[in-house]
Amino acid sequence: LKETLYQKKNGEWFLLGEGGAMTRYCINSGDSRCGGSNIIPLTENEAKKWVEIHHNDDYEQLFGEVEE
């Protein structure tokens, strides 16, 4: 499973996900499953949550200092 967060020039966020037959990105092909990929649009809040979970060290670089 590989997920990469991107931001478009217009500020919109999206996640590019790729994975094998046992991941949420699988494709059903008849009686079998194979790997696949998908582009998932995200709101800024969804992107922030994703970064908090997966790349916490990059949060301030992408979104600025955390407000307490």
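Which residue stands opposite Gly 19 in strand 5? Hold that thought while I set the scene, everyone.

What we have here is a predicted model, where local features need pLDDT of at least 70 and side-chain atom pairs count only at pLDDT 80 or more, while totals for chains, interfaces and linings use all residues. Residues are numbered from 1 along each chain as its sequence is written, and side-chain values use heavy atoms, with hydrogens and water left out.

Back to that glycine: the partner of Gly 19 is Gly 36, in strand 5. Helices (H or I, at least four residues) and strands (E, at least two) are DSSP runs here, numbered from the N terminus. Strand 2, residues 13-19, runs antiparallel to strand 5, and seven bridges join them. Two strands count as paired if DSSP finds at least two bridges between them.

Now the whole sheet. It is open, with three strands in the order 1-2-5 and antiparallel pairing. At the edges sit strand 1 (2-7) and strand 5 (36-42), each pairing on one side only. On average, neighbouring strands are turned by 20 degrees against each other, direction ignored. Axes are lines fitted to C-alpha atoms, for helices over the stretch in contact, and angles run from 0 to 180 degrees between N-to-C directions.

On to helix 1, residues 44-54. This helix packs on the sheet, touching strand 1, strand 2 and strand 5, and its direction makes about 135 degrees with that of strand 1. Contact means heavy atoms within 4.5 Å.

Which residues of helix 1 are buried? They are Ala 47, Trp 50 and Val 51. Because they cover an arc of only 100 degrees around the axis, they lie on the same side of helix 1; the arc is that of the directions from the helix axis to the C-beta atoms. The face turned away carries the exposed residues Asn 45, Lys 49 and Ile 53. Buried means under 20% relative accessible area, exposed over 50%, and partly exposed in between (1.4 Å probe, protein chains only).

Let's finish inside. The largest nonpolar core has 10 residues, among them Leu 5, Trp 13, Leu 42 and Phe 63. Such a core is a set of buried Ala, Val, Leu, Ile, Met, Phe, Trp, Tyr and Cys residues joined through side-chain atoms within 4.5 Å. Helix 1 gives the most to this core, with three residues. Not counting residues up to four places away in sequence, Phe 63 touches Trp 13, Glu 44, Ala 47, Lys 48 and Val 51.
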